[in-house]
Amino acid sequence: LQVPQALTSGGELSIHERTTVLVCDVQDMLMYVQKLPPKKMAEIINSLYDALDDIAVQEGANRVLDDSYMVVVGDDKMSPETQTRRILQIAKKMLEAAQEIKVQMEGHEDPVRLRIGIATGKAYSCMVGLQMPYYTYFGKVVRDACEVCALGQPGCAFVTAEVQQTISANAEDLLMSFPLSENIENSSNLCPYIAKIGDYVLAVDEAERKPFGSMSLQSAFTKPGKAEAATSH
């Protein structure tokens, strides 16, 4: 993506046949806004966004202004699998960076916890507005990333099935299936996978303790311990 070129393109629509989008939001953000002093809230947001921006720059990703924090990787020269591996590395670093930012509230201190959603596919971009122009990025891939983010668990990164399919070999080393509870709204019928980064073991353990109707958790999950043992040889 050539963002500087887009700034002078006069609103011309660009088509991106294959890109990978990461969207993240902060778990408990509404509670922070309601209970923290404005100055403290601003400090937390600044610290978090500075850290995430540094990671995006280091990894060669483009940040796009949106309601959530969003970065994009990929161009015509980068294979889908390379995009996936790059975006998972970014997600891992973002989760780790958020853990370093502490929130003091109601007598205890906790780290900021992100929810991350990742999708891949065709997208569009252009400059919009005349008085205060900004670069926007849209398409089904953005919607899917936002929805899988909303379906996910704090401290984890969730990806769509299309992302999982880009891994040519040993995908189980990076991702595992994650069946959703029947009471979770999933309007796009996404079948998310969870990346083996962050707090994924805790998320899997919690999911295994919840009822999932007739779905067999034993067959749907690859146990983290077994997968890690297999890759250690």
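This report walks through a predicted model, from its overall make-up to a few individual residues.

## Overall make-up and confidence

Let's start with the whole protein, which has 9 helices and 10 strands. Of its 233 residues, 44% are buried. The protein exposes about 12600 Å², and carbon and sulfur atoms supply 50% of that area. Contacts reach well along the chain: among those with a separation of 6 or more, 70% join residues 24 or more positions apart.

How confident is the predictor in the protein? The average pLDDT is 81, and 80% of the residues score at least 70. Confidence is highest in helix α4 (residues 80–99), with a mean of 96, and lowest in helix α8 (residues 217–220), with a mean of 31. Residues 1–9 have a pLDDT below 50, and this stretch has 13 contacts in the model beyond near neighbours in sequence. Residues 182–186 also stay under 50, with 7 contacts beyond four places in sequence. Please keep these scores in mind while viewing those parts.

## Two nonpolar cores

Which residues have the most contacts inside the largest nonpolar core? They are Leu22, Met94, Leu114 and Ile116, in a core of 36 residues. Two or more residues come from each of β1, α3, β3, α4, β4 (102–105), β6 and β8. Helix α4 gives the most, with 8 residues. As general background, nonpolar side chains in soluble globular proteins tend to be buried together.

Leucine 114 is a good place to look more closely. Leaving aside neighbours within four places in sequence, leucine 114 is in contact with Cys24, Asp25, Val26, Leu48, Leu52, Met94, Leu95, Ala98, Gln153, Pro154, Gly155 and Cys156. There is also a second, separate core of 13 residues, with Val23, Ala123, Tyr137 and Ala145 among them.

## Helix α5 and its packing

Helix α5 covers residues 140–151, 12 residues in total. From its first C-alpha to its last, α5 reaches 16 Å, close to the 16 Å expected at 1.5 Å a residue.

The buried residues of α5 are Val141, Val142, Asp144, Ala145, Val148, Cys149 and Leu151. For a helix of this kind, a useful reminder is that an α-helix has 3.6 residues a turn, so residues three or four places apart point the same way. Where do the buried residues of α5 pack? They pack against five named strands: β1 (14–26), β3 (69–73), β6 (114–128), β7 (134–138) and β8 (156–159). One of the buried residues in α5, Ala145, also belongs to the second core.

## Aromatic pairs

The structure holds 2 aromatic pairs. Tyrosine 49 and tyrosine 69 form an edge-to-face pair, with 5.1 Å centre to centre and 80 degrees between the planes. Tyrosine 49 lies in helix α3 (residues 38–58) and tyrosine 69 in strand β3, so this pair ties together parts that are 20 residues apart in sequence. Tyrosine 49 is partly exposed, with a relative accessible area of 29%, whereas tyrosine 69 counts as buried at 2%.

Tyrosine 124 and phenylalanine 138 make a stacked pair, because their ring centres are 5.9 Å apart and their planes are at 25 degrees. This pair links distant parts of the chain, with tyrosine 124 in strand β6 and phenylalanine 138 in strand β7, 14 residues apart. Both rings belong to partly exposed residues: tyrosine 124 has a relative accessible area of 26%, and phenylalanine 138 has 35%.

## Valine 163 and glutamate 208

Is valine 163 buried or exposed? Valine 163 counts as buried because its relative accessibility is 0%, under the 20% cut-off. This valine lies in helix α6 (residues 161–164). Not counting residues up to four places away in sequence, valine 163 touches Thr84, Ile118, Ala119 and Thr120. Valine 163 and threonine 20 are 143 residues apart in sequence, yet 8.2 Å apart in space, C-alpha to C-alpha.

Glutamate 208 is found in helix α7 (residues 200–208). With a relative accessible area of 26%, glutamate 208 is partly exposed. Its C-alpha atom is separated by 9.9 Å from that of phenylalanine 178, 30 residues apart along the chain.

Note on methods
Residues are numbered from 1 along each chain as its sequence is written. Side-chain values use heavy atoms; hydrogens and water are left out. Helices (H or I, at least four residues) and strands (E, at least two) are DSSP runs, numbered from the N terminus. Buried means under 20% relative accessible area, exposed over 50%, partly exposed in between (1.4 Å probe, protein chains only). Contact means heavy atoms within 4.5 Å. The expected span of a helix is 1.5 Å times one less than its number of residues. pLDDT is the predictor's confidence in each residue, from 0 to 100. Rings of Phe, Tyr and Trp (its six-membered ring) pair if their centres lie within 6.5 Å; planes under 30 degrees apart count as stacked, over 60 as edge-to-face and the rest as tilted. A nonpolar core is a set of buried Ala, Val, Leu, Ile, Met, Phe, Trp, Tyr and Cys residues joined through side-chain atoms within 4.5 Å. Accessible areas come from the Shrake-Rupley method with a 1.4 Å probe; for residues, only the protein chains shown count as cover.
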